[in-house]
Amino acid sequence: MINANVIPTTFFGLQNLIDGLTGMNAACERNESAENVKRECTCSPKADCYEVENGFTLEVELPGVKKDDTDIQVEKNILTVKASRTRKDTTVRYERSFRLAEDIDTDNIQVSLENGILSFSLAKKQQAAARKLSVA
């Protein structure tokens with residue numbers, strides 16, 4: 001038997017796999033069908049960020065997720081993405097947070113979801129133009 005309490009935290013998601021397998025074993029011991037056991041897991045989705053002119057593009061992989069199943073919030077320069085998808089009796093939840101730089105204009109973030117990729121257009125705040133001052 002695997003002692004799940006000694007698994008390092010670097011193996012995020014492995015605990016969910018072990019819990020899912022344990023639930024399936026428990027169902028078999030009760031003579032239940034493993035297909036009747038609902039499975040859930042929470043994952044940290046893969047993400048990629050790259051700089052573009054006047055800002056950044058952040059792409060988060062959310063395979064099989066629909067627009068209505070997403071929850072996106074920005075609070076105190078923390079962008080949090082939550083989403084879920086359900087297939088048959090398995091629910092996969094995605095959750096990840098990103099700390100945005102102070103120079104990102106959080107009021108004008110644009111978001112799109114296409115082919116399982118959630119894309120954020122993160123524009124930099126407009127800097128005030130330098131100007132020359134005269135001594136009076």
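The protein chain holds 1 helix and 8 strands. The model is predicted. Read from the N terminus, the elements run α-β-β-β-β-β-β-β-β. The chain has 136 residues, and buried residues make up 26% of them. Contacts also reach along the chain: among those between residues at least 6 apart in sequence, 43% join residues at least 24 apart.

**The mixed sheet**

One open sheet is built from 4 strands in the order 1-6-5-4. Its pairing is mixed. Strand 1 (39-43) and strand 4 (70-75) are the edge strands, and each pairs on one side only. Neighbouring strands here are turned by 10 degrees against each other on average, direction ignored.

Inside this sheet, strand 5 and strand 6 run antiparallel and are joined by 10 bridges. Strand 5 covers residues 78-87, and strand 6 covers residues 90-99. Where does I78 find its bridge partner in strand 6? The partner is R99.

**The antiparallel sheet**

A further open sheet also has 4 strands, in the order 2-3-8-7. Here the pairing is antiparallel. Strand 2 and strand 7 stand at the edges with a single partner strand each, so one side of each has no neighbour in the sheet. The average turn between neighbouring strands of this sheet is 15 degrees, direction ignored.

Strands of a sheet pair through backbone hydrogen bonds. The table lists three antiparallel pairs, with one bridge from each.

| Strand pair | Bridges | One bridge pair |
|---|---|---|
| Strand 2 and strand 3 | 6 bridges | Y50 and T57 |
| Strand 5 and strand 6 | 10 bridges | I78 and R99 |
| Strand 7 and strand 8 | 5 bridges | V111 and F120 |

Strand 2 spans residues 47-52, and strand 3 spans residues 55-61. Together they form a hairpin with 2 residues between them. N54 sits in the turn and has a positive phi of about 70 degrees.

**L118, a buried residue**

L118 lies in strand 8 (residues 117-123). Is L118 buried or exposed? L118 counts as buried because its relative accessibility is 2%, below the 20% cut-off. Leaving out residues up to four places away in sequence, L118 touches L58, E59, V60, L62, I72, V81, V111, S112 and L113. One of these contacts is V81. L118 and V81 are 37 residues apart along the chain, yet their C-alpha atoms are separated by 9.4 Å.

**D105, a buried charge**

D105 lies in the loop between strand 6 and strand 7 (110-114). Which side chain of opposite charge is nearest to D105? It is K125, 6.5 Å away. A salt bridge needs a distance within 4 Å, and D105 has none, although D105 is buried. D105 does touch A123, K124 and K125, not counting residues up to four places away in sequence.

**Cysteines**

How many disulfides does the structure hold? The count is 0. C41 is in no disulfide, and the nearest cysteine sulfur, that of C43, is 3.9 Å away. The cut-off for a disulfide is 2.5 Å between sulfur atoms. C41 is partly exposed, with a relative accessible area of 24%. C49 is also partly exposed, at 46% relative accessible area.

Conventions:
Residues are numbered from 1 along each chain as its sequence is written. This is a predicted model: local features need pLDDT of at least 70, side-chain atom pairs count only at pLDDT 80 or more; totals for chains, interfaces and linings use all residues. Side-chain values use heavy atoms; hydrogens and water are left out. Two strands pair if DSSP finds at least two bridges between them. Axes are lines fitted to C-alpha atoms, for helices over the stretch in contact, and angles run from 0 to 180 degrees between N-to-C directions. Buried means under 20% relative accessible area, exposed over 50%, partly exposed in between (1.4 Å probe, protein chains only). Lys and Arg count as positive and Asp and Glu as negative; His and the chain ends are not counted. Contact means heavy atoms within 4.5 Å.
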